[in-house]
Amino acid sequence: MERKEPRKLLFVMSDGAPAGSYTGHSHDCLLAATRQIQDTSPVELFGLGIKSDAVEQYYDNYRRVDDLSDINEALFDVLKESVSYVKR
C-alpha cells in the first residue's frame, strides 16, 4: 500500500482450498481476506488455480490451469487483461 504506483496488482497462485477444505476456519479466513481486498482495497486481486477450481470460491477474477507448462502463459494473459480491467 505504501508504493507510489497508481495501480497495485496482486496475483495469487493456489493449488487448492486452504487445508484442502471448502469449509471451516481456514476457508472462512481466506474468504474474508479476499473479500476485504476486493471490496475495500485499491489492490486488484487475481487468482490462478493450479489444477484446482478452488480459486472460483475466493477470487472474483481468476483463471485455472491444468498443465503446469501453461502457468506462464496464463499469468501473462491475466496481466494483459488487467490492463483494461477496471475495478468495480
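Which residue in E2 does Met13 stand opposite? The residue is Leu48. Keep in mind as you explore that this is a predicted model.

**The sheet**

Let's start with the strands. Three of them form an open sheet in the order E1-E2-E3, and their pairing is parallel. E1 and E3 are the edge strands, each pairing on one side only. From one strand to the next, the twist averages 20°. E1 and E2 run parallel and are joined by seven bridges. A helix belongs in this picture too: H3, made of residues 71-83, lies across E1, E2 and E3. Relative to E1, helix H3 runs at about 150°.

**The salt bridges**

Now turn to the charged side chains. Side chains of opposite charge can pair when their charged atoms come close. In the whole structure, a search finds seven salt bridges. The table shows three examples, with the distance between the closest N and O atoms.

| Salt bridge | Closest N and O atoms |
|---|---|
| Arg7 with Glu44 | 2.6 Å |
| Asp53 with Arg64 | 2.9 Å |
| Asp66 with Arg64 | 2.5 Å |

**Arg7 and Glu44**

Take the pair formed by Arg7 and Glu44. Arg7 sits in the segment before strand E1 (8-14), while Glu44 belongs to strand E2 (residues 43-50), so this salt bridge ties together parts that are 37 residues apart in sequence.

Is Glu44 buried or exposed? Its relative accessibility is 7%, so Glu44 counts as buried, because buried means under 20%. Its partner Arg7 has 34% relative accessibility and therefore counts as partly exposed.

**A small network**

Which residues are linked with Arg64 in a network of salt bridges? They are Asp53 and Asp66. Arg64 forms a salt bridge with Asp53, where the closest N and O atoms are 2.9 Å apart. This pair links distant parts of the chain, eleven residues apart: Asp53 is in the loop between E2 and helix H2 (55-58), and Arg64 is in strand E3 (residues 62-65). Asp66 also forms a salt bridge with Arg64, with the closest N and O atoms 2.5 Å apart.

How accessible are these residues? Asp53 is partly exposed, with a relative accessible area of 43%. Arg64 counts as partly exposed at 35%, and Asp66 is partly exposed at 46%.

**Putting it together**

As you look at the structure, try tracing the sheet in the order E1-E2-E3, then find H3 lying across E1, E2 and E3. Finally, look for Arg7 with Glu44 and the network of Asp53, Arg64 and Asp66.

Key. Residues numbered from 1 in each chain as written. Predicted model: local features only at pLDDT ≥ 70, side-chain atom pairs only at ≥ 80, totals over all residues. Heavy atoms only, no water. Salt bridge = Lys/Arg side-chain N within 4 Å of Asp/Glu carboxyl O. Helix = DSSP H or I, 4+ residues; strand = E, 2+ residues; numbered from the N terminus. Buried < 20%, exposed > 50% of the residue type's maximum accessible area, 1.4 Å probe, protein only. Pairing = 2+ DSSP bridges. Axes fitted to C-alpha atoms, helices over the stretch in contact; angles between N-to-C directions. Contact = heavy atoms within 4.5 Å.
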